[in-house]
Structure formats: C-alpha cells, structure tokens
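Here is a brief report on one chain and its ligand. Keep the structure open while you read.

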Amino acid sequence: MITLTYTFRSPGRINLIGEHTDYNGGYVLPAAIDRYTYLTFQESDHFESYTHDLNKSVTFSIDGQRETDTWANYVKGAIFHLTKYVKKPIKPFKIDVSSTLPIGAGLSSSASLMVGIIYAISKIEKLDLDRERIAQIAHEAENEFVGVNCGIMDQYAVALAKKDNFLLIDASSGLYEYVSAMGFPKITIVDSGVKHELASGGYNTRRNECARATEMMGMQFREITLDLIESKRKTLGENVYKRAKHVVEENQRVLDTIAAIKNKDWQKVGELVKKSHESLKNLFEVSTDEIDFLVDRINALENVYGARMIGGGFGGSIIVISKSDVSLQLKEIKDAYRRQFGIEMKFYPVKLSSGVRKITQF
Ligand code: GLA
C-alpha cells in the first residue's frame, strides 16, 4: 500500500512593537521569521507524533482528555479543536516534527506548531478554512486545551504573515494590514537563554490587572486617555495604574512606528522600540535582570537603532534593529553575560518570512 506524505513549514514570529496590547483590544506589529517548524504528515491507522528536538514520541486519540505530557497537548489540542470546529472526525496521521525555531525562546514555537498542524490537515483534507479561521482555532486550542491564556498575535502572525512585511493587527476587530519592510535595517534576535514559560503565572496576573483597569474605568483601552488614567491613579492603585499607562502608550507607539517605517525614519523606529522596553520594564514589569543587562548593553552600541524584549516577558528573546552587522559586539556582550549570570545567550540574524505553507522538501 502506498502511504502519502505531505510536508509543511510553519514560521516563528517576532514582534517589532505592541507588547501586551493584543489581549487588551490594541495594536500589534509582528512578522514571521525564517526560523521554522517542519511538519511531515503520513497517513496511518492511529495518531502518533514524533518531535526530533525533544526526541519524544507520543500516540494519542482525539478526545477532550488532556495528556500528562505538555508537548502532546499542543498536537492533540490542535487536532481536537479542529475536529470540534469542522464537526467531523479527522483521519489519523503520523506527524513528524523538526524545527529550526528554538522552543520556549519567546518566538511562538507553540503557535507555530499548532497553526502548522491545523493548516496542514485543512489542506490535506480539503477543509476549505481560511487563514484567519485557522489562527482562531489554534488560539482557542492554546487557550482551552493547553491552558495558556494568550492573545491572538502569535497565531495571526504565523498564519497570515507575508515575506518582507510586518503585519499590523487590530486585536479589537481582528482586522489586519501589511506594512512593507522594504529598506528596513538589519534585525538580529538575541535569545537570553532564560526560558519564559516558567512564568506563565506572571502573564495571567498582568491580564487580570488589565481587565481590572477597564472594569474600574468602565471603558475599553482604546477609549481610555492618559489624562483619565492620571486622574484615577489613586482609585486604580499603583500596579493597575502602571499596567494601564503602558497599554495606552504602547498602542500609540505602534501607530507612531508605522508612520516612522513609512517615512523610513529608522532612528525614530529605534527610539520607539527603546521606549517600549523601558515601559515593559518599569510600568508593565515583565522584564528580568538578565534581559535588562543585555538590552542596556545592546542599546549602547553605536550602530544599533534600538533593542527591546519581545513576547510575554520574564525571559525569552530580544529584537535588535541595527544599521550594520552587530555580531562582533554581540560576541563581547555574550562573554560579559556569561560572566555575570552563568547563562549562554545565542544570537542570529533573521529575515521576515511568509506564513505557514506546504513545501515538498526541506
Ligand atoms: C505572548 C502571547 C501573545 C502576547 C504577548 C505579549 O507572546 O502569546 O498573545 O500577549 O505575549 O505581547
């Protein structure tokens, strides 16, 4: 019997600016990068998945039961929620997963995997789902099955990104548009080596504080002004005040960044990126000593426009926007970082890539 195999490539994502705004109905400006999860599907008589990165194989059936293994839940959850949406069983596959995208480095390896699985099955089974729908099913699966209460940015970026473009998403409506990155300076990713998942509790606390802010002010973030936040500072309490101020200012920074990109004003883009980091550190309080150590040193480099942490925070990666190659300086910073924290950091240049798609070989 001939068993058919199909191979797909699903990217990771970066976020230029707009952090902790997606679950607050705000703006985000992510892009897919040329680091991928590769998925090979082979028809089978049962569901099985093997991940080369973790050297782990799991077999499972499609039901609403969570597995004890976290990784299995990403695969099973994606297929379970797809089944739930299309309201019919999916035929079994062996899914082989390998990756050039670091896991747990704040580059959305989980959204890359889940969107990749749903997209692949929808293509193989001709389910006729558009990319927005695929992102929404993956988002629901990550929230409900895996139990991570994330916003929509990662899944939208992985599903909808276009090569050499940023993706402006308005999370209040789900509308999006492409922002050309033509002429955009070099982008380097620095992986701090501090795994960010360890702090999912911190992410949920921030979400709750933001929800409290809108509840207490009786309106959505996009209607809330800085003056209103200032006038309510005492009632809100210091933490909720700081979180709300970050969200309102960060939304404006996204819009200002788009204007700066259109004017090819890279200096301005860099300033906004630096301000975003300051705010994530001081107002939203999701940075760490390790990340700040790296960001401060990188931002002091002459050929750097700006650097900041990306993603949920509490570790993960840093985006660096620079005029020219920063490898030599980053090597020195890497040594200083090892001396200070005993942690290895990694860095690599990235290019803006396209969303998930079928490939024949890799
Ligand atoms: C994580 C979440 C996203 C977003 C960012 C913070 O990456 O998955 O939805 O909330 O944090 O901007």
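## Ligand shell

The shell around the ligand divides into three nonpolar, four polar and three charged residues. This is a predicted model.

Which residues are around the ligand? They are E19, H20, D22, Y23, C150, G151, M153, D154, G311 and G312.

## Overall build

The chain has 11 helices and 14 strands. Its radius of gyration is 20 Å, close to the 21 Å that the globule rule gives for 362 residues, so the chain is as compact as a globular protein of that length. Along the principal axes, the C-alpha atoms fill a box of roughly 65 × 50 × 40 Å.

Of the 362 residues, 46% are buried. Contacts often bridge long stretches of sequence: among those between residues at least 6 apart, 69% join residues at least 24 apart.

## A four-stranded sheet

One open sheet has four strands in the order β10-β11-β9-β12, with antiparallel pairing. Its edge strands are β10 (304–309) and β12 (346–350). Each of these pairs on one side only. On average, neighbouring strands of this sheet are turned by 20° against each other, direction ignored. As a rule, strands of a sheet pair through backbone hydrogen bonds, either parallel or antiparallel.

How many bridges join β10 to β11? There are five, and the two strands run antiparallel. Strand β11 covers residues 317–322. One bridge can be picked out by residue: V304 has S322 as its partner in β11.

## A helix across the sheet

Helix α10 spans residues 289–299. It lies across three strands: β9 (186–191), β10 and β11. Relative to β10, helix α10 runs at about 170°. The edge strand β10 thus appears twice in this picture: five bridges join it to β11, and α10 lies across it.

## T225, a loop residue

T225 sits in the loop between α5 (200–217) and α6 (226–231). Is T225 buried or exposed? It counts as exposed, because it has 11 C-beta neighbours inside 10 Å. The cut-off for exposed is 12 or fewer.

Now look from T225 to Q42. The two residues are 183 apart along the chain. Their C-alpha atoms are separated by 53 Å.

How values were computed. Residues are numbered from 1 along each chain as its sequence is written. This is a predicted model: local features need pLDDT of at least 70, side-chain atom pairs count only at pLDDT 80 or more; totals for chains, interfaces and linings use all residues. The radius of gyration is taken over C-alpha atoms; the globule rule is 2.2 Å times the number of residues to the power 0.38. A residue is buried if 20 or more other C-beta atoms lie within 10 Å of its own, exposed if 12 or fewer, and partly exposed in between; C-beta atoms are placed from the backbone. Two residues are in contact if their C-beta atoms, placed from the backbone, lie within 7 Å. Two strands pair if DSSP finds at least two bridges between them. Axes are lines fitted to C-alpha atoms, for helices over the stretch in contact, and angles run from 0 to 180 degrees between N-to-C directions. A residue is near a molecule or strand if its C-beta atom, placed from the backbone, lies within 6 Å of it. Ala, Val, Leu, Ile, Met, Phe, Trp, Tyr, Cys and Pro count as nonpolar, Asp, Glu, Lys and Arg as charged, and the others, Gly among them, as polar.
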